[in-house]
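Colleague: I've got a model open and want to talk through its charged pairs and its surface. Can you take me through it?

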Amino acid sequence: QVRGLCGTYNWNQGDEFTTPAGDVEISVAAFANKYRVSGGCPALGPVPPEPCGDFAGRQELAEAACAVLQGPAFQ
């Protein structure tokens with residue numbers, strides 16, 4: 001019952017990049033761009049940005065967001 005950014009948990013890696021529209025992307029950038037909700041968010045290019053260099057000062061926010069994915073809801 002899950003899909004998208006968290007995967008599908010069906011042991012089939014071929015459908016892990018399923019988009020909201022139901023199609024399957026083959027690149028990380030194309031997949032991530034399908035989940036953009038704000039026009040103010042820049043589209044990713046073929047190579048994802050370097051998070052530590054491009055988003056300096058956001059480490060605390062990133063760690064908090066990752067803690068949710070590593071928490072009990074996803075265990």
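**Salt bridges and a surface patch**

Modeller: The structure holds 2 salt bridges (a side-chain nitrogen of Lys or Arg within 4 Å of a carboxyl oxygen of Asp or Glu). Bear in mind that this is a predicted model, where local features need pLDDT of at least 70 and side-chain atom pairs count only at pLDDT 80 or more, while totals for chains, interfaces and linings use all residues. Residues are numbered from 1 along each chain as its sequence is written, and side-chain values use heavy atoms, with hydrogens and water left out.

Colleague: Which residues are linked in a network of salt bridges?

Modeller: Side chains of opposite charge can pair when their charged atoms come close. Asp 23 meets Lys 34 at 3.2 Å, N to O, and Glu 25 meets Lys 34 at 3.0 Å, N to O. So the network is made of Asp 23, Glu 25 and Lys 34.

Colleague: How many residues apart in sequence are the parts that Asp 23 and Lys 34 tie together?

Modeller: The Asp 23 and Lys 34 side chains form a salt bridge. Asp 23 lies in the segment before H1 and Lys 34 in helix H1 (helices are DSSP runs of H or I, at least four residues, numbered from the N terminus). The pair therefore ties together parts whose separation in sequence is 11 residues.

Colleague: Is Glu 25 buried or exposed, and at what relative accessibility?

Modeller: Buried means under 20% relative accessible area, exposed over 50%, and partly exposed in between (1.4 Å probe, protein chains only). Asp 23 is partly exposed at 29%, and Lys 34 is partly exposed at 40%. Glu 25 counts as buried, at 18%.

Colleague: Which residues is Glu 25 in contact with, leaving aside its neighbours within four places in sequence?

Modeller: Glu 25 sits in the segment before helix H1 (28-34). Contact here means heavy atoms within 4.5 Å. On that basis its partners are Phe 17, Thr 19, Ala 30, Phe 31 and Lys 34.

Colleague: And where is Leu 69 placed, which helix?

Modeller: Leu 69 has a relative accessible area of 48%, so it is partly exposed. Its place is in residues 59-69, which is helix H3.

How values were computed: Helices (H or I, at least four residues) and strands (E, at least two) are DSSP runs, numbered from the N terminus.
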